[in-house]
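Hi everyone, thanks for making time for this. I'd like to walk you through one structure today, going from the overall layout down to a few side chains. Let me put it up on the screen.

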Amino acid sequence: MYRILVVEDEDDIQKILENYLVDEGYAVTLANDGVDGIAKFHNGAFDLVLLDVMMPKIDGFGVCELIRRESDVPIIMLTALDEEAYQIKGLNL
């Protein structure tokens, strides 16, 4: 079974993602902010990280940068930011 880490600070979005992924047969671990996400990433082996960009404590870009220092796990960044500069920054990380 594939394991997915969802790092999202909005409860409603977190629950929607969790419900959909569990219904599709994935094992899901939830994190409420960047610090929690990094801690849970270190405590598990994940096949994918779904990562919100705008979060408290450490934003998604910071979390992505920290994960990339030690892992090539696929990361999908979720954001309402639509400026090209943010898209480029996410792709570069």
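Let me begin with a single residue, Lys-57, which is found in the loop between β3 and α3. Its phi is near 70 degrees, a positive value in a residue other than glycine. Is Lys-57 buried or exposed? Lys-57 counts as exposed, because its relative accessibility is 67%. Please keep in mind throughout that this is a predicted model.

Now let's step back to the whole chain. There are four helices and four strands, and if you read along the sequence they follow the pattern β-α-β-α-β-α-β-α. The chain has 93 residues, of which 38% count as buried. On the outside, about 5,700 Å² is exposed, with carbon and sulfur atoms supplying 51% of that area. What about contacts between parts of the chain? Taking contacts between residues at least 6 apart in sequence, 64% join residues at least 24 apart.

On to the strands. β1 is mostly covered, with four of its five residues buried. Which way do β1 and β2 pair? They pair in the parallel sense, over five bridges. If you'd like one bridge to find on the screen, look for Leu-5, whose partner in β2 is Thr-29.

Next, the aromatic side chains. A pair of aromatic rings is described by the distance of the centres and the angle of the planes. How many aromatic pairs does the structure hold? There are two. Take Tyr-2 and Tyr-26: the ring centres are 6.5 Å apart and the planes stand at 45 degrees, so this pair is tilted. The tyrosine pair links distant parts of the chain, 24 residues apart, with Tyr-2 in the segment before β1 (3–7) and Tyr-26 in the loop between α1 (11–23) and β2 (27–31). As for cover, Tyr-2 counts as exposed because it has 57% relative accessibility, whereas Tyr-26, at 32%, counts as partly exposed.

The other pair is Phe-41 and Phe-46. Why is this pair called stacked? Their centres lie 6.4 Å apart and their planes are at 20 degrees, so the pair falls in the stacked class, for which the planes must be under 30 degrees apart. Both phenylalanines are buried. There's a charged neighbour here too: Arg-3 lies over the face of Phe-46, 4.8 Å from the ring centre.

Let's stay with Phe-41 for a moment. Phe-41 is found in helix α2, which covers residues 34–42, and its relative accessibility is 9%, so it counts as buried. What does Phe-41 touch, leaving aside its neighbours within four places in sequence? Its contacts are Leu-5, Phe-46, Val-49, Ile-67, Glu-70, Ser-71 and Val-73. You can also check a backbone distance here: the C-alpha atoms of Phe-41 and Val-63 are separated by 9.9 Å, with those positions 22 residues apart along the chain.

Just after α2 comes a polar contact to look at. Asn-43 sits in the loop between α2 and β3 (48–52), and its side chain reaches the backbone oxygen of Ala-39 at 3.1 Å. Asn-43 counts as exposed because its relative accessibility is 70%.

That brings us to helix α3, residues 60–68. Its buried residues are Gly-60, Phe-61, Gly-62, Val-63, Cys-64 and Ile-67. What caps the N-terminal end of α3? Asp-59 does, with a side-chain oxygen 3.1 Å from the backbone nitrogen of Phe-61. Within the helix, Cys-64 has a relative accessibility of 3%, so it counts as buried. The C-alpha atoms of Cys-64 and Val-49 are separated by 9.2 Å, and these residues are 15 apart along the chain.

My last stop is Ser-71, one of the contacts of Phe-41. Ser-71 is in the loop between α3 and β4 (75–78). Its relative accessible area is 19%, so Ser-71 is buried, since the cut-off for buried is under 20%. Its side chain reaches the backbone nitrogen of Val-73 at 3.0 Å, and Val-73 is also in contact with Phe-41.

That's my tour, and I'm happy to go back to any part of it.

Methods. Residues are numbered from 1 along each chain as its sequence is written. This is a predicted model: local features need pLDDT of at least 70, side-chain atom pairs count only at pLDDT 80 or more; totals for chains, interfaces and linings use all residues. Side-chain values use heavy atoms; hydrogens and water are left out. Rings of Phe, Tyr and Trp (its six-membered ring) pair if their centres lie within 6.5 Å; planes under 30 degrees apart count as stacked, over 60 as edge-to-face and the rest as tilted. Helices (H or I, at least four residues) and strands (E, at least two) are DSSP runs, numbered from the N terminus. Buried means under 20% relative accessible area, exposed over 50%, partly exposed in between (1.4 Å probe, protein chains only). A charge sits over a ring if NZ of Lys or CZ of Arg is within 6 Å of the ring centre and within 35 degrees of the ring normal. Contact means heavy atoms within 4.5 Å. Accessible areas come from the Shrake-Rupley method with a 1.4 Å probe; for residues, only the protein chains shown count as cover. A polar contact is a pair of N or O atoms within 3.5 Å; within protein, one must be able to donate a hydrogen and the other to accept it, and residues adjacent in sequence count only if both atoms are side-chain atoms. Two strands pair if DSSP finds at least two bridges between them.
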